[in-house]
Amino acid sequence: MKGDSEIVKLPTKTLTQIFGDANHNKKFFAPPWLTDSSLNMLFAPTGMGKSHFAFNLGLKLAQGSTWLNEQCLKSKVLYVDGEMGGDTWMKRLMDGMILGCVEENFHMMCPENFKDFSIPTLANRKNHARWIETCKDYDVIVIDNYIACCMPTDSRMSDTEIWLVVKDLLVTLRSMGKAVIIVHHTNKEGSVQHGTYYKEMWMDIIIRLKQFPVQALENGLTWEILYTKDRHDYYGTGYEHLMDIVFAYDQVHTRMKDIDEERNKLITQWLDEGWLDEEIAHKLDIRKGKVQFIKRKFKNQRNDEDII
């Protein structure tokens with residue numbers, strides 16, 4: 001049939017080739033979850049400190065220092081902020097220089113970089129070639145945030161249509177060995193990421209930040225970190241831990257704590273104060289059944305102490 005010679009077969013690989021590609025010189029930028037050739041999402045409600053979290057991680061990667069008790073691989077980081085102005089970032093950049101963040105390793109892109117004060121949207125395939133060429137020089141790319149950096153060129157585009165365009169660029173960056181971190185918002189209820197669930201299908205790691213109901217350390221932030229998806233299965237989907245970031249004039253500390261130990265202390269305290277199971281579950285954003293489990297455990301411990 002005429003034209004058959006122009007048809008190109010779809011590329012395939014053997015299992016041996018796939019395993020070889022996957023395991024060849026695998027890099028862990030921030031062990032154990034942030035690797036090369038990966039797509040990752042961090043989401044939380046507005047005002048939760050998503051940018052602080054991502055920015056702090058970027059600094060640690062650029063420095064090659066520790067983050068969440070793990071040694072980071074010194075990496076070149078591109079931090080793309082689609083909404084904040086230069087004044088807002090000035091303090092954070094000054095902190096980064098005080099921390100010894102080598103300028104060559106940490107680059108930023110923000111609206112003020114451009115004459116029209118707008119970052120070329122990821123939701124336009126015409127811009128993809130420029131993004132690919134720019135990202136060649138970096139190991140880790142942070143997109144903060146998805147909505148600001150992925151504005152549609154046509155107001156009639158649905159969130160799914162926008163994502164299908166953005167996804168093509170992100171998958172290309174992943175095939176180039178890049179680690180991409182997308183900072184995103186939650187839905188109105190604050191429980192899942194905003195927009196189409198198709199985004200989650202391509203992600204390797206998805207982290208949800210939750211506010212832990214204890215007073216943060218002075219000049220710091222305290223988050224409850226929930227892995228809602230973990231393809232590496234190191235922590236496992238559903239794993240939680242606490243993270244403190246303490247900002248000081250000359251240093252930034254990160255500290256990880258046991259989520260169960262901290263949460264159980266609060267639950268037992270509130271039970272002693274007469275809180276209802278429903279009230280505790282709502283306050284901590286956990287299932288009522290988990291509160292009741294801790295309640296039984298708490299009562300058993302009390303009974304054992306009484307016997308002793």
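This text follows helix H6, the strand after it and the nonpolar cores of a predicted model.

Helix H6 comprises 17 residues, 159–175. At 1.5 Å a residue it should span 24 Å, and its end C-alpha atoms are 24 Å apart, so the expected and modelled lengths agree. The helix nevertheless carries a kink of about 25°, centred on Val166. Val166 is itself among the buried residues of H6, which also include Ile162, Trp163, Lys167 and Leu173. The buried residues of this helix pack against two strands, E3 (38–44) and E9 (179–185), and against helices H4 (128–135), H5 (146–149) and H7 (198–202).

After H6 comes Gly177, with a positive phi near 90°. Strand E9 contains Ala179. Because its relative accessible area is 0%, under the 20% cut-off, Ala179 counts as buried. Beyond its sequence neighbours within four places, Ala179 is in contact with residues including Phe29, Leu34, Ser38 and Val140. Between Ala179 and Tyr138, 41 residues apart in sequence, the C-alpha separation is 9.1 Å.

Leu34 leads on to the interior: leaving out residues up to four places away, Leu34 touches Phe28, Leu57, Leu61, Val140, Ala179 and Ile181, among others. The largest nonpolar core has 31 residues, and Leu34 is one of those with the most contacts inside it, along with Trp33, Leu61, Val140 and Leu209. Elements that each supply at least two residues of this core include strands E1 (28–30), E3, E8 (140–144) and E9. Helix H2 gives the most, with seven residues. Another core, of 27 residues, lies apart from it and has Met41, Phe43, Ile162 and Ile182 among its members.

Technical notes. Residues are numbered from 1 along each chain as its sequence is written. This is a predicted model: local features need pLDDT of at least 70, side-chain atom pairs count only at pLDDT 80 or more; totals for chains, interfaces and linings use all residues. Side-chain values use heavy atoms; hydrogens and water are left out. Helices (H or I, at least four residues) and strands (E, at least two) are DSSP runs, numbered from the N terminus. The expected span of a helix is 1.5 Å times one less than its number of residues. The bend at a residue is the angle between axes fitted to the seven residues ending there and the seven starting there. Buried means under 20% relative accessible area, exposed over 50%, partly exposed in between (1.4 Å probe, protein chains only). Contact means heavy atoms within 4.5 Å. A nonpolar core is a set of buried Ala, Val, Leu, Ile, Met, Phe, Trp, Tyr and Cys residues joined through side-chain atoms within 4.5 Å.
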